[in-house]
Amino acid sequence: MKIATWNINSIKSRIDHVLKWCKANQPDLLCLQETKCVDDKFPFIKFNAIGYKQIEVLGERAYNGVAIVSKLPLSNVVTKLPGDRTDAQSRFISATINDIQLVNVYGPHGTSQGTPKYQFKLDWLKRLRANFDKKFSVNENVLLVGDLNVAPHELDVWSVPAWRNKLHFTKPERDAIQEVKKWGFVDLFRQINGDEREYSWWSNFRNDFEKDRGLRIDHIWASPPLAERCIDCWIDKEPRGWEHPSDHAPVVAEFL
């Protein structure tokens, strides 16, 4: 099974990119973030036409939004993280695929330290960890994918001095994401690639992509039993170089 995650930064603007990439790479399952699209405007028919028969979405107009696009049957779909308000942003969707419990998230950005949005980000990550504690077992096949909006380690930023104390790399954010990881997750990119410095996001300014000045904030994490089945995990930088791209690149994992 091949599973991919991609913050597409507007499915309407990037649908041709996504279809092109799916045709070339044939993931069984594609998890999207920042779809920026209300549910009834999602391009279901275009995905159906290339073999993706089940699609589950949680969207909103112009902001956020997550989706699971699958060639395989999905069941037990949940679109609410415990503790969400009735008007919560569209950031969480989970489903069962075969024997895998999948959670696809778009983590809050946080804006800047000391703001209510920054505190919301920390609280949201705490609720995410609590959800795994309550609903899942580390002995099951559990997968967390998505744009977590945190670079967990110094290897995940192109320059530690340049990013020290900046959003996505502040100590409280990194501590919060480590608490999520301590549930029992294995970072599949690190399992396969060791200490390689590769990134999944680059700003649209200062030629950051061309100079490879990025962050690794898009992740695929697995419970130990599922991590043992992972045979490869990589970041596909090619779409980031296409015309009018998302500022993120797809992250892909393959499993036996």
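Here a trainee and a mentor chat through a predicted model, from one strand residue to a sheet and some salt bridges.

Trainee: Let's start with threonine 5. Is it buried or exposed?
Mentor: Threonine 5 is found in strand β1, which covers residues 2–7. Its relative accessibility is 1%. The cut-off for burial is under 20%, so threonine 5 counts as buried.

Trainee: Which backbone atom does the side chain of threonine 5 reach?
Mentor: Start with the company it keeps beyond its neighbours within four places in sequence: the contacts of threonine 5 include Cys31, His219, Pro250 and Gly146. With glycine 146 there is also a polar contact, at 3.5 Å. The atom that the threonine 5 side chain reaches is the backbone nitrogen of glycine 146.

Trainee: On to the open sheet of six strands. Which are its edge strands?
Mentor: The order runs β5-β6-β7-β8-β12-β9, and the pairing is mixed. An edge strand pairs on one side only, and that fits β5 (75–78) and β9 (186–187).

Trainee: And in what sense do β5 and β6 pair?
Mentor: Strand β6 spans residues 92–97, and two bridges tie it to β5. Serine 75 stands opposite threonine 96 of β6. The sense of the β5 and β6 pairing is antiparallel.

Trainee: Which helix packs on that sheet?
Mentor: Look for the one touching β6, β7 (100–106) and β8 (141–147). Its direction makes about 175 degrees with that of β7. The helix, residues 116–135, is α3.

Trainee: Now salt bridges. How many does a search of the whole structure find, and which residues share a network with Glu179?
Mentor: The search finds 15. Glutamate 179 bridges to arginine 129, with the closest N and O atoms 4.0 Å apart; that pair links helix α5 to helix α3, 50 residues apart. Glutamate 179 also bridges to lysine 182 at 3.5 Å. Shared partners join Glu179 into one network with Arg129, Asp133 and Lys182.

Trainee: Is lysine 182 buried or exposed?
Mentor: Its partner glutamate 179 has a relative accessible area of 39%, making that residue partly exposed. Lysine 182 comes in at 57%. Exposed means over 50%, so lysine 182 is exposed.

Trainee: What about arginine 190 and aspartate 156: how far apart are their closest N and O atoms?
Mentor: Arginine 190 lies in helix α6 (residues 188–193), while aspartate 156 is in the loop between β8 and α4, 34 residues apart. Arginine 190 counts as buried at 17%, and aspartate 156 is buried at 1%. In their salt bridge, the closest N and O atoms are 2.7 Å apart.

Key: Residues numbered from 1 in each chain as written. Predicted model: local features only at pLDDT ≥ 70, side-chain atom pairs only at ≥ 80, totals over all residues. Heavy atoms only, no water. Helix = DSSP H or I, 4+ residues; strand = E, 2+ residues; numbered from the N terminus. Buried < 20%, exposed > 50% of the residue type's maximum accessible area, 1.4 Å probe, protein only. Polar contact = N/O pair within 3.5 Å; in protein donor to acceptor, adjacent residues only side chain to side chain. Contact = heavy atoms within 4.5 Å. Pairing = 2+ DSSP bridges. Axes fitted to C-alpha atoms, helices over the stretch in contact; angles between N-to-C directions. Salt bridge = Lys/Arg side-chain N within 4 Å of Asp/Glu carboxyl O.
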